[in-house]
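Got the viewer open? Grab a coffee and work through these exercises, each with its solution right below.

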Amino acid sequence: PQCQLAQRRDQLIADDAASLRLTDVDVVTARRLCRWREDCRRQSIGLLQSVPSPLLCEMLGHAGYDFVLLDLEHVLLSPDQLQHAIRACELGGCAPWVRVPEVDGKLIGRVLDAGARGVVISRLETVEQAERAVAAARFPPLGRRGITGGRVTVLSALLGAFALVAL
């Protein structure tokens with residue numbers, strides 16, 4: 001029965017991936033997260049990565065870490081360095097999370113547009129700050145995040161949707 005459940009889960013993930021045009025890396029990450037949720041005895045294991053090295057990010061994924069937390073609070077990474085690190089995490093099979101120094105809606109949106117699967121906000125102190133952070137991460141009508149033609153939102157699918165709306 002456990003094997004049948006795992007096969008069914010993998011089929012559902014594959015169906016979702018096909019309909020959403022997810023990459024193989026997204027499917028690997030989704031499977032890893034599903035395994036973590038199914039087995040409550042196993043904790044998700046990640047690492048704070050403060051060395052701006054895509055090679056290290058990829059190695060951590062291949063070493064079996066579930067996520068890598070890329071630090072933007074204490075390390076100055078350029079947008080290109082961040083995107084390379086995120087892609088390296090994906091290639092290694094781990095989820096890239098990014099720690100930002102404060103609730104900055106534009107930065108949160110850019111980090112998510114770059115491909116981060118999670119955002120960690122340092123010094124989150126009030127409910128109002130948490131609400132602003134969530135709004136920055138969600139698209140309307142649930143939030144305030146703007147849409148982009150970047151790698152995360154699949155430009156070609158969006159152009160087709162906008163063309164239909166324009167007609």
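## Exercise 1: Walk the sheet

Strand 1, helix 3 (residues 54-62) and strand 2 build a right-handed β-α-β unit. (Right-handed: with the strands pointing away from you, the path from the first strand over the helix to the second runs clockwise.) Helices (H or I, at least four residues) and strands (E, at least two) are DSSP runs, numbered from the N terminus.

Before you start: this is a predicted model, where local features need pLDDT of at least 70 and side-chain atom pairs count only at pLDDT 80 or more, while totals for chains, interfaces and linings use all residues. Residues are numbered from 1 along each chain as its sequence is written, and side-chain values use heavy atoms, leaving out hydrogens and water.

**Task.** Work out which strands pair with strand 2, and in what order the sheet runs.

**Solution.**

1. Begin with strand 1 (residues 46-49): four bridges pair it with strand 2 in the parallel sense. Two strands count as paired if DSSP finds at least two bridges between them. To get your bearings, look for Gly46, which sits opposite Phe67 of strand 2.
2. Now check how the helix sits: helix 3 lies across strand 1 and strand 2, and runs at about 170° to strand 1. (Axes are lines fitted to C-alpha atoms, for helices over the stretch in contact, and angles run from 0 to 180 degrees between N-to-C directions; contact means heavy atoms within 4.5 Å.)
3. Turn to strand 3 (residues 95-100), which runs parallel to strand 2 and is joined to it by five bridges. One pair to click on is Leu69 with its bridge partner Trp97 in strand 3. The chain gets from strand 2 to strand 3 through helix 4 (residues 79-92), in a right-handed β-α-β crossover.
4. Put it together: the sheet is open, has four strands in the order 1-2-3-4, and pairs in parallel. Strand 1 and strand 4 are the edges, each pairing on one side only. From one strand to the next, the twist averages 25°.

## Exercise 2: Inside or outside?

**Task.** Say why strand 2 is largely enclosed, and find which residues of helix 6 are buried.

**Solution.**

1. Set the cut-offs: buried is under 20% relative accessible area, exposed is over 50%, and partly exposed is in between (1.4 Å probe, protein chains only).
2. In strand 2 (residues 67-71), five of the five residues are buried, so the rest of the structure largely encloses this strand. Look at both faces: Phe67, Leu69 and Asp71 are buried on one side, Val68 and Leu70 on the other.
3. On helix 6 (residues 127-137), the buried residues are Ala133, Ala135 and Ala136. Looking down the axis of helix 6, its buried residues fall within an arc of 165°, so they line one face of the helix. (The arc is that of the directions from the helix axis to the C-beta atoms.)
4. Flip helix 6 over: the face turned away from its buried side carries exposed Val127 and Glu131. The cover over its buried residues includes helix 5 (105-114) and strand 4 (118-121).

## Exercise 3: Chase the charges

**Task.** Which parts of the chain do the salt bridges of Arg99, Arg117 and Asp113 link?

**Solution.**

1. The definition: a side-chain nitrogen of Lys or Arg within 4 Å of a carboxyl oxygen of Asp or Glu. A search of the whole structure turns up six salt bridges.
2. Arg99 meets Glu73 at 3.3 Å, N to O. Arg99 is in strand 3 and Glu73 in the loop between strand 2 and helix 4, 26 residues apart. Arg99 counts as buried at 16% relative accessibility, and Glu73 counts as buried at 17%.
3. Arg117 pairs with Glu90, their closest N and O atoms being 3.7 Å apart. Arg117 lies in the loop between helix 5 and strand 4 and Glu90 in helix 4, so the pair ties together parts 27 residues apart in sequence.
4. Asp113 and Arg145 meet at 2.7 Å, N to O. Asp113 is in helix 5 and Arg145 in the loop between helix 6 and helix 7, so this pair ties together parts 32 residues apart in sequence. Both Asp113 and Arg145 are buried.
5. Finally, salt bridges with shared partners join Asp71, Glu73, Arg99 and Arg123 into one network.
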